[in-house]
Amino acid sequence: IKQLLKKHPEIDNNILKREDHFISELNFLETYIKNMAYWWRKHDKKHEHLITENFRKHIAQGIINSASPQSNCKYFLLNTPYTNNIHFFPKYFTDHKLIFIVRNAKDTVESGVRSKFWTYEEGFLRWNKGAENILKYTAKHKNCIVIKYEDLYSATLNQLNEIFNYLELKITEYPVNELENIKIQGSSDVQNDGEWEYKNIEKTDAFSPLERSASWSFFRKWRCEWICGKKSLSLGYEQIKIKKNIVYFFINIFLDSLFWVFRCKLKVENKVIKNRALKSNL
């Protein structure tokens, strides 16, 4: 999506070539602001708003100033692959717009497995949690749109038109003739000695992102439907065509109990503030 949007003359890329993670790490700033607000409220309640609303506004402006290429474009892009702190977005970026790019669970998980980001079980759980975060956000906020990756790939121009209407930009200013030459970035097809690489590649006839999970066994489809089925329907995807018999329910319930420790670990990761930044400075 970043490769597509930055072609518009009114949209500029930020200074980072990869995902910037500005949104997914906002929990650190929220902890700081809440701790500061506690001390200010303790001594002077009438100035507490300076720590909350004003701090968030100035921090957001600092992020923009740091990441912006300082061009004259109407927009520039921030992008993150995670939704874990997306509920903080409207608190910081009150006048900005949000575009969710969603992809069906099967191909997302398969792509992540090939890139060695997760196992199948972890991928199903993480996709489901991400979908849940998106659905919660869109139910409460109007400053966003949801675009399906599959539609963006199959009907690129139509989806770009929807995005530009949302951004109040003219698609007539977009270089449509360059669409076929836009490179693919971050594909699971890019491997170096078996390791995933984040770089641009040319789009060839062999590139088939909509068929990542085509060779899945019925057992893997069972697991995907069991964990991700409801959220997939809520995002507008069709149900995986499988027979939900007694064996289907028994096996999935058994696997849920088998992986309960693993599930608890993922839930803790979603709630506890990670100290990656602190560890990196030790």
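Which residues of helix 7 are buried? In this predicted model, the buried residues of helix 7 turn out to be E121, E122, G123, F124, L125, W127, N128, G130, A131, N133, I134 and Y137. The helix itself takes in residues 120–140, 21 residues in all. From its first C-alpha to its last it reaches 31 Å, close to the 30 Å expected at 1.5 Å a residue.

Next comes L152, whose place is in helix 8 (residues 149–154). With a relative accessibility of 6%, L152 counts as buried, because the cut-off for that label is under 20%. Setting aside neighbours within four places in sequence, L152 is in contact with I1, L4, I147 and Q159. I101 sits 51 residues away from L152 in sequence, yet the two are 8.9 Å apart in space, C-alpha to C-alpha.

L152 also has a partner in helix 9 (residues 156–167), where T156 lies. The side chain of T156 reaches the backbone oxygen of L152 at 2.7 Å. Not counting residues up to four places away in sequence, T156 touches L4, D151 and L179. L4 thus turns up in both contact lists, that of L152 and that of T156.

Over on the surface, Y38, W39 and W40 make a nonpolar patch of about 330 Å². One of these residues, Y38, is found in helix 2 (residues 26–43). Y38 has 40% relative accessibility, so it counts as partly exposed, whereas L152, at 6%, counts as buried.

Note on methods:
Residues are numbered from 1 along each chain as its sequence is written. This is a predicted model: local features need pLDDT of at least 70, side-chain atom pairs count only at pLDDT 80 or more; totals for chains, interfaces and linings use all residues. Side-chain values use heavy atoms; hydrogens and water are left out. Patches are made of residues with over 30% relative accessible area and no salt bridge: like charges are joined within 9 Å, nonpolar side chains (Val, Leu, Ile, Met, Phe, Trp, Tyr) within 5 Å. Accessible areas come from the Shrake-Rupley method with a 1.4 Å probe; for residues, only the protein chains shown count as cover. A salt bridge is a side-chain nitrogen of Lys or Arg within 4 Å of a carboxyl oxygen of Asp or Glu. Helices (H or I, at least four residues) and strands (E, at least two) are DSSP runs, numbered from the N terminus. Buried means under 20% relative accessible area, exposed over 50%, partly exposed in between (1.4 Å probe, protein chains only). The expected span of a helix is 1.5 Å times one less than its number of residues. Contact means heavy atoms within 4.5 Å. A polar contact is a pair of N or O atoms within 3.5 Å; within protein, one must be able to donate a hydrogen and the other to accept it, and residues adjacent in sequence count only if both atoms are side-chain atoms.
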